[in-house]
Amino acid sequence: MRHTISVLVENKFGVLARVSGMFSGRGFNIDTLNVAPTHDATLSRITVVLKGDDAALDMVTKQLRKLVNVVEVVDFKEGQAVQRELLLVKVKADGKTRSEILQIADIFRAKIVNVAHDSLIAEVTGDEGKLAAFLKLLEPFGILELARTGQLALKR
Amino acid sequence: MKSSTSPSSFPKPEIGKEMKGAECVVECLVREGVDVIFAYPGGASQELHQALARTDKIRVILPRHEQGGSFAAEGYARATGKVGVCMATSGPGATNLVSAIADAYMDSIPLVAITGQVYSKYIGKSAFQETDFFGMTLPVVKHSYLVMNVHDLPRIFKEAFHLARSGRPGPVVIDIPKDVQQSRFSPVFPATVEFRNPVVSETPSATDEQLKQVLALIAEAKRPVLYVGGGIISAEAHDDLKAFAERTNIPVATTLMGVGAFPETHPLSMKWFGMHGTAYGNWAVDQSDLVLCFGARFDDRITGDVSRFAAGAKIVHIDIDTSEHNKNKRVAYPINADIKQALSRMNELMAASKFAAPDTQAWHDQIAKWKKEHPFSFDESKHIVPQEAVQALYELTKGDAIIATGVGQHQMWTAQFYDFAKPRRYISSLGLGAMGFGYPAALGAKVACPDKQVIDIDGDGSFMMNIQELATAKIEGIAAKAMILNNQHLGMVVQWEDRFYGSVRGNTILGDENNVGGPDNPSALYPDFVKIAEGFGIKGRRVIKRSELREAIQEMLDHPGPFVLDVVVPYTEHVMPMIPAGRTVKDMILK
C-alpha cells in the first residue's frame, strides 16, 4: 500500500532526523520526502510518500505523534488530499527537435524556464501520473538531468 | 497549547542574577529537586564540575567509569521513581553513557543525561573528543537537546525533567558545548513548560463508558487474569491494583518489569510469567478467557509466539502510550489511559454499582492445583546451588531488601526465589538486558535509600563488567553489597548451548578452559574476587561449603560497609521452567 503522510513539525534543530529516523529504524524505504516552512514560520510541513502495510504504517504514525517536536500527523487515504509535485527536467534539444518538445510541453502545460543551444529546461506541475507521462514522452530526446520536489499534499 | 507545572517551588518566571551557563545548569538542577548526580569529569564538562563544586545542595558521586555512573543513576531512579541524573564529558565520556540511555529507553526509566560538548565553533570539525552525541542517541531517547544558546538553558532543563518523568517516562539527553557553559548571562527561569505536541501535553484518561465495558467483560468472565507490567510501578498505581484485584477476585501475573507491582506473597499472586516465569502463571494466561493487560507491552519474552498468545481470550490493553496498542499483539479492547486513573476510576465505579465479582471458583481451584504441583523448585545438591543461595538471602533479609541484578541466570533465579512484596525492590535491566548493570545500580539505589539493605545478586560474568565501581563504593562510603553466584561460566549462554547447541562451548568459560574452577576444584577458581575486593579496600568472603552459606550471608548483611560475597556454585544448573524463544506455553520445558 502506498501512503502519503503529512507531518506538521516545529521548525527546530534535528526534527527532520527524528522523523526520518522513525521510518529508517523500522525498515521503511521512503519514496519521496519534502520539507518546507508553512505560513507560520515556526512550523514546517514534512510530506513523506512510502510503501508499507497498513498495520506497520499505523505503528509509525503513532510513534511520530510521540515525538516532542511533532504537532500533527495525518496519513492520507486515497482521494482525501490534493497532491501535487513540481519537476524540473533538462532535456537535449537542438534545432531539429526543439519545436516538437515545445509542443509536448504545451500539451502538459509545462513552462520552458531555460533554453540553451543544445538543451532546455522544462518545469511542470501535476500529480504522479501526469509527470510520468510527460517524462515518458521526453525520454526519446534524451533526458540530461532531473530534479523534483516529491509529493506535496493538503487535505481537501 | 497545554501547559503543566512541575513540582518546583518557584511558581512564577524569575530572573536570576548574572551567572555562567555552568552555574545556571546547577541552579536548574537544584530547582528540579536533584540531590545527587553521578558524574565523571573531562575537558568539556569541567566547567560544570567547577560549578557543582561550589554548591552544597547536590552530592556529586564520582563513578570509576561513565557506564557505572549512568547505571547508578538508573538504580537511583528505579528505586525512587525520581529522575536519575548522570553527566559525562564529550566524546568517549558521552559514548560510555549510551548503554544506560538505551536501557532507560527500553524500561521507561526517568533519566537525564548531561554531556559536555566541544566548543560550538569546533562542532563538525572532528575536534579532540568530539562526537555527534545528539545524532548518536536519537533512536534511544525520549527527547534530546543540543544547547546552542545559553539563554535556552533554563527552559531546556525544565522541559527535560518534565519529559523524563511525565507520561511514559524515559531518558532525555542535554548536550552542552563548553562555550555555552562559560557564557555569562542573566537566566530567566520559567515556572511552567509548554509543548505544541498534544500527545506530550496531555495525560490520557479512560472514559466511564470504556471502563464500564471492561467491568462488564469481567462480570461475564470464567477464567480472567490480570497481566500487569512496569506501567503500574511508574504510575504509582500498585495500591489501586491491589484493591482492584481483590474486589474483582482476579489472579495476577506480572511481567519482570512489573515484579513488586502486586505483592508476590498475596494469595491472588501468580508471581511473574513469560520465558522463565511460573508454569501456573503461563498456563493461566494461556487458558484465560479474559486477559487484562495493564501497563505492559506484549514483549516477546512474555508472549513467545505472539500469534498463539492467549489465543482464547478477549484482551483488554490499557496503556498510557497508545503506540503500544496493536504493536506486538492485536487486541479487541485497546484503551489509552494513565493506568492509575483507569484503576482508581474502575474501583469507584465498582463501589457505586455494587459490582459483584463473577463466580470463578473452578478457575481458582485449577490455579491452586497448578501452584501446588508446579512451584518454582530445585534439587538440593551437596554443593550450594544458586537457587538455594537466593532463597537463603530472602529468608535472612525477611524479604525486605532492595535487590539489584546483572543479566543472565542469576537474574532469573533472583526473581524466582525472592518474593517481592513491594514495588521498586527488584532492580534489573530487563528490556535491554545489559550485563554489568547490577553493582552500579545497587550503588544508586543505596544512595537513594541509605536505610535499606541493598544487595546486588550478580553473576561472575556480569559483576566483572563494572567491577571498578567497588572503588566508588569504598571512597563514597556506599554500603551496597554484592552476592556473586560464581559458576565460572556465562551461565545463560551455557544453558542455551546445553539445550540447543549440543553443549559446544563457544567462549562461555570465564577461567582457564583446561582447568575449570568450581566447588570441586576451588584452586582453579578465577579470578579471586575476595582479593580484588581487598585491593579496593572492601571486605570480602568466599563461601564454598553449604554448611557455611547462611552464616556467610549473615556476615555480609551485618557488615556496615560494602561487601563482596563470592558464592561458589556449580555451572550445571539450568533456569527452569523455560519456554524456548518464539514457541508457546505448550512447549514449556519443566525440568
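What covers the buried residues of α1(B)? That was my opening query for today, and I kept in mind that this is a predicted model.

**Entry 1: a helix in chain B**

I looked up the surroundings of α1(B) and found that its cover includes two helices of chain B from further along, α7 (153–165) and α8 (178–182), as well as α2 (46–53). Strands take part too: β3 (19–20), β4 (36–39) and β6 (84–88) of chain B are among the covering elements.

Next I checked how much of the helix is hidden. Helix α1 of chain B spans residues 21–31, and nine of its eleven residues are buried. I noted the buried ones by name: B:G21, B:A22, B:E23, B:C24, B:V25, B:V26, B:E27, B:C28 and B:L29. Just past the end of α1(B), I came across B:G33, which has a positive phi of about 80°.

**Entry 2: domains of chain B**

I then pulled up the domain assignment, which splits chain B into domain 1 (2–201), domain 2 (208–373) and domain 3 (386–568). I picked the pair formed by domain 1 and domain 3 of chain B, whose C-alpha centres are separated by 32 Å. Their contact involves 24 residues from domain 1 of chain B and 26 residues from domain 3 of chain B.

Which elements give two or more residues to the domain 1 side of this contact in chain B? I found α3 (66–80) and α5 (98–107) of chain B. The largest share, eleven residues, comes from α3(B). Sorting that side by class gave me eleven nonpolar, eight polar and five charged residues.

**Entry 3: domains of chain A**

For chain A, the assignment gives domain 1 (2–78) and domain 2 (82–155). I got 28 Å between their C-alpha centres. Here nine residues of domain 1 of chain A are in contact with seven residues of domain 2 of chain A. On the domain 1 side, the elements giving two or more residues are β1 (2–10), β2 (30–37), β3 (43–51) and β4 of chain A. β2(A) gives the most, with three residues. I counted four nonpolar and five polar residues on that side, and no charged ones.

**Entry 4: where the chains meet**

Last, I turned to the two chains together: 15 residues of chain A are in contact with 15 residues of chain B. On the chain A side, α1 (15–24), α2 (54–66) and β4 (70–76) each supply at least two residues. α2(A) has the largest share, five residues. By class, I logged six nonpolar, four polar and five charged residues on the side of chain A that touches chain B.

Key. Residues are numbered from 1 along each chain as its sequence is written. Chains are lettered from A and ligands numbered from 1 in the order in which they are written. This is a predicted model: local features need pLDDT of at least 70, side-chain atom pairs count only at pLDDT 80 or more; totals for chains, interfaces and linings use all residues. A residue is buried if 20 or more other C-beta atoms lie within 10 Å of its own, exposed if 12 or fewer, and partly exposed in between; C-beta atoms are placed from the backbone. Helices (H or I, at least four residues) and strands (E, at least two) are DSSP runs, numbered from the N terminus. Ala, Val, Leu, Ile, Met, Phe, Trp, Tyr, Cys and Pro count as nonpolar, Asp, Glu, Lys and Arg as charged, and the others, Gly among them, as polar. Domain bounds come from an automatic or database domain assignment.
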